[in-house]
Amino acid sequence: MPEVTLYTYFRSSCSARLRIALHLKGIDFTPVFVNLLQNEQSSPAHKAINPSGLVPALIVKRDTAPPVTITQSLAALEYLDEAFPNQGPALLPQDTDARAQVRTLASIIACDVQPVTNLKILRRVAPLGADRTTWSKDLIVEGLQAYEATVKRSAGKFSVGDQITMADLCLIPAAWGAERVGVDLTAFPVTYVIIQNLEKEEAVNKGHWKTQPDTPEDLRAE
């Protein structure tokens, strides 16, 4: 097995996508914790790994080959699917139409929902006089409305049928972030059922922000 390293932060939704995927596929990995509140992501050492100064960063080292470093979570999810085809469930379905639906749903979260909860963005909103929570809550709701309308076409137990896909790995951390700012997830009934189903999965619980080694004691799951 290759050596897999994940640069992560307990509350990072993009990191959570990869944590859940790695657990779902049964891929052993070494976490390296990057404290965003202490600006460790902006250090020269971290920027040498991820020039964007963000998390996650996935590094895969195989034998004597140069390590592969992926610093965007969607690209990393697709890489895991392609590089470990025989481990765990596929994160993208074989059917072309279904794959397009998965990518569409994943992009709604990655492009429309997650960025407005990003610490890097929120730090720039506050000086403009906007209330960070209200600003992000309104935009999250708009994104989830789009997810709800789109997922109705494909939902089964999960977002696209009855198998967890990349769309679900993006959805569930976004749901945790939405709850933190007071979004009522029951307003999105199809999506809410999917979220409830996901929260029963072992890999999801292992990737949850409350269960990470770098989660502060007072925030950890009991």
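Two residues are in contact when heavy atoms of theirs lie within 4.5 Å, and in this predicted model residues 24 or more positions apart account for 65% of the contacts with a separation of 6 or more.

**The whole chain**

Begin with everything shown as a cartoon, where you can follow nine helices and four strands. Traced from the N terminus, the elements come in the order β-α-β-α-β-β-α-α-α-α-α-α-α. The radius of gyration is 17 Å, close to the 17 Å that the globule rule gives for 222 residues, so the protein is as compact as a globular protein of that length. If you turn the C-alpha trace along its principal axes, it spans about 50 × 45 × 35 Å, and of the 222 residues 46% count as buried.

**Residues 2–88**

Next, select residues 2–88, which an unreviewed UniProt entry annotates as "domain: GST N-terminal". Over this stretch the chain is 34% helix and 21% strand, and the C-alpha atoms at its ends are 16 Å apart.

Within that selection, colour strand 1 (residues 3–8) and strand 2 (residues 30–33), which run parallel and are joined by four bridges; to see the pairing, look at L6, which stands opposite P31 of strand 2. Between these two strands the chain passes through helix 1 (residues 13–25), and the β-α-β crossover that results is right-handed.

Now add strand 3 (57–61), which pairs with strand 1 in the antiparallel sense over five bridges, with A57 of strand 3 as the bridge partner of Y7. Four of the five residues of strand 3 are buried, so that this strand is mostly covered. Continue to strand 4 (68–70), which runs antiparallel to strand 3 and is joined to it by three bridges; here V60 has V68 of strand 4 as its bridge partner. The hairpin of strand 3 and strand 4 has six residues between the strands, and D63 in this hairpin takes a positive phi near 45°.

**A stop at F33**

Go back to strand 2 and pick F33, which lies in it. With a relative accessible area of 34%, F33 is partly exposed. Leaving aside neighbours within four places in sequence, F33 is in contact with T8, E40, P213 and D214. For a sense of distance, draw a line from the C-alpha atom of F33 to that of V181: these residues are 148 apart in sequence and 24 Å apart in space.

**Helix 3 and the loop after it**

Select helix 3 (residues 73–83) and show the side chains of its buried residues, which are S73, A76, L77, E78, Y79, L80 and D81. These buried residues pack against helix 1, strand 3, strand 4, helix 4 (96–113) and helix 7.

Moving along the chain, you reach Q87 in the loop between helix 3 and helix 4. Although Q87 is in a loop, its relative accessibility of 19% makes it count as buried, the cut-off being under 20%. Its contacts, apart from neighbours within four places in sequence, are M1, K25, G26 and I27.

**Two residues of helix 4**

In helix 4, select Q101, which is buried with a relative accessible area of 11%. Beyond its neighbours within four places in sequence, Q101 is in contact with T150, V151, R153, S154 and V160.

Then select V113, also in helix 4, a buried residue with a relative accessible area of 2%. Leaving aside neighbours within four places in sequence, the contacts of V113 are I108, I140, G143, L144 and A174. Between V113 and E202, which are 89 residues apart in sequence, the distance from C-alpha to C-alpha is 25 Å.

**Helix 7**

A174, which V113 contacts, leads to helix 7, where A174 is one of the buried residues. Select residues 166–180 to show this helix: at 1.5 Å a residue its 15 residues should span 21 Å, and its end C-alpha atoms are 22 Å apart, which agrees. Helix 7 is mostly covered, since twelve of its 15 residues are buried, among them M166, L169, L171, I172 and W176. Finish just beyond the helix at G182, which follows helix 7 and has a positive phi, near 90°.

Technical notes: Residues are numbered from 1 along each chain as its sequence is written. This is a predicted model: local features need pLDDT of at least 70, side-chain atom pairs count only at pLDDT 80 or more; totals for chains, interfaces and linings use all residues. Side-chain values use heavy atoms; hydrogens and water are left out. The expected span of a helix is 1.5 Å times one less than its number of residues. Buried means under 20% relative accessible area, exposed over 50%, partly exposed in between (1.4 Å probe, protein chains only). UniProt positions are given in the numbering used here, feature names are shortened, and annotations may be inferred rather than shown by experiment. Two strands pair if DSSP finds at least two bridges between them. A crossover is right-handed if, with the strands pointing away from the viewer, the path from the first strand over the helix to the second runs clockwise. The radius of gyration is taken over C-alpha atoms; the globule rule is 2.2 Å times the number of residues to the power 0.38.
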